[in-house]
Amino acid sequence: SKSWVLTNATSGTGAIDPAAKGGVLLLDSDAAANNQGVQIQLGGAVGASSFIASANSKIYYEARIKAADLGSGPTLQIFAGLSEVDTTLFASAANSSANHVGFEAINTLSLSYVHEKAGTRVSDTSAGTIADDTYIKVGFLIDGLTSITPVVDGVAGTKQTASIPIVAMTPSFVCHSSGTTDPILHVDWVACIQQEDIAN
């Protein structure tokens, strides 16, 4: 199986919380410095990307996450979803990956659904709200090459039909600080499968 590859922007750690039922991954920005923190991708740079949208397939993704240690204001930069392999998914408080699908909050507690194809981005800034130390389930369905439907806590959002990425992507998470506290992204679980109709 493919291992997870952790990289950081100056600081950041990843560790399993053994006290949490079933184990929870803690992605700790480990700094109260702006734009510093940690990311993790399944597979990293070696044969990593397992999910490629195609006309005859559906890709289902869901993760249960929470952000903690947020302080009194917008103190985090997070992402949860699929992305092409990129060791610096966030740069200067922006998602710099050219191909991704997921959810992010950058210098805000408002959660956005986002996806990008070769640098052309689609976003819905009303996907939800981040509450300190409160779990939320985020997911999406990529239906062929025609649409992506975001889902938050089991409720489907607006179906998106433009700029669907068609390159290989892998499960990815980011947790950076906005410069006042050192937020921690808790990843309880992530599931991603691709159902594909293949002629025998």
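Start on the surface, with a greasy spot: Leu145, Ile166 and Val167 make up a nonpolar patch whose accessible area comes to about 230 Å² together. Keep in mind as you look around that this is a predicted model. To find valine 167, go to the loop between β12 and β13, the latter covering residues 170-177. Valine 167 is partly exposed, with a relative accessible area of 31%, and a residue needs over 30% to be counted in a patch.

There is a charged patch to look at as well. Asp30, Asp69, Asp132 and Asp182 form a negative patch on the surface. Take aspartate 132 as a way in: you'll find it in the loop that runs between β9 (120-129) and β10 (136-143). With a relative accessible area of 40%, aspartate 132 is partly exposed.

Right beside it in sequence, aspartate 133 has a partner. Aspartate 133 makes a salt bridge with lysine 66, and the closest N and O atoms are 2.8 Å apart. This pair links distant parts of the chain, since aspartate 133 belongs to the loop between β9 and β10 while lysine 66 sits in strand β5, 67 residues apart. The two ends of the bridge are covered to different degrees: aspartate 133 is partly exposed at 46% relative accessibility, whereas lysine 66, at 14%, is buried.

Lysine 66 brings us to strand β5, so let's follow that strand into its sheet. Seven strands make an open sheet here, in the order β2-β3-β14-β5-β10-β11-β12, with antiparallel pairing. The edges belong to β2 (13-17) and β12 (155-156); each has a single partner strand, so one side of each is left without a neighbour in the sheet. Further in, β5 (residues 57-68) and β14 (residues 184-196) pair in the antiparallel sense over 12 bridges. If you want a spot to check the register, serine 57 stands opposite glutamate 196 in β14.

Now over to β6. This strand, residues 76-83, is mostly covered, with eight of its eight residues buried. What does β6 pair with? One partner is β13, joined in the antiparallel sense over eight bridges, and there glycine 81 stands opposite serine 172. Another is strand β7 (residues 100-106), which runs antiparallel to β6 and is joined to it by seven bridges. In that pairing, phenylalanine 79 stands opposite glutamate 104.

Glutamate 104 is worth a second look for its side chain. It meets the side chain of arginine 121 in a salt bridge, at 3.0 Å from N to O. Because arginine 121 lies in strand β9 and glutamate 104 in strand β7, the pair ties together parts that are 17 residues apart in sequence. Glutamate 104 is buried at 7% relative accessibility, while arginine 121 counts as partly exposed at 35%.

Arginine 121 has another acidic partner too. It forms a salt bridge with glutamate 116, where the closest N and O atoms are 3.2 Å apart. Glutamate 116 is buried, with a relative accessible area of 9%. Through shared partners, then, salt bridges join Glu104, Glu116 and Arg121 into one network. Searching the whole structure turns up four salt bridges, including the one between aspartate 133 and lysine 66.

Notes: Residues are numbered from 1 along each chain as its sequence is written. This is a predicted model: local features need pLDDT of at least 70, side-chain atom pairs count only at pLDDT 80 or more; totals for chains, interfaces and linings use all residues. Side-chain values use heavy atoms; hydrogens and water are left out. Two strands pair if DSSP finds at least two bridges between them. Helices (H or I, at least four residues) and strands (E, at least two) are DSSP runs, numbered from the N terminus. Patches are made of residues with over 30% relative accessible area and no salt bridge: like charges are joined within 9 Å, nonpolar side chains (Val, Leu, Ile, Met, Phe, Trp, Tyr) within 5 Å. Accessible areas come from the Shrake-Rupley method with a 1.4 Å probe; for residues, only the protein chains shown count as cover. Buried means under 20% relative accessible area, exposed over 50%, partly exposed in between (1.4 Å probe, protein chains only). Lys and Arg count as positive and Asp and Glu as negative; His and the chain ends are not counted. The place of a charge is taken as NZ of Lys, CZ of Arg, CG of Asp or CD of Glu.
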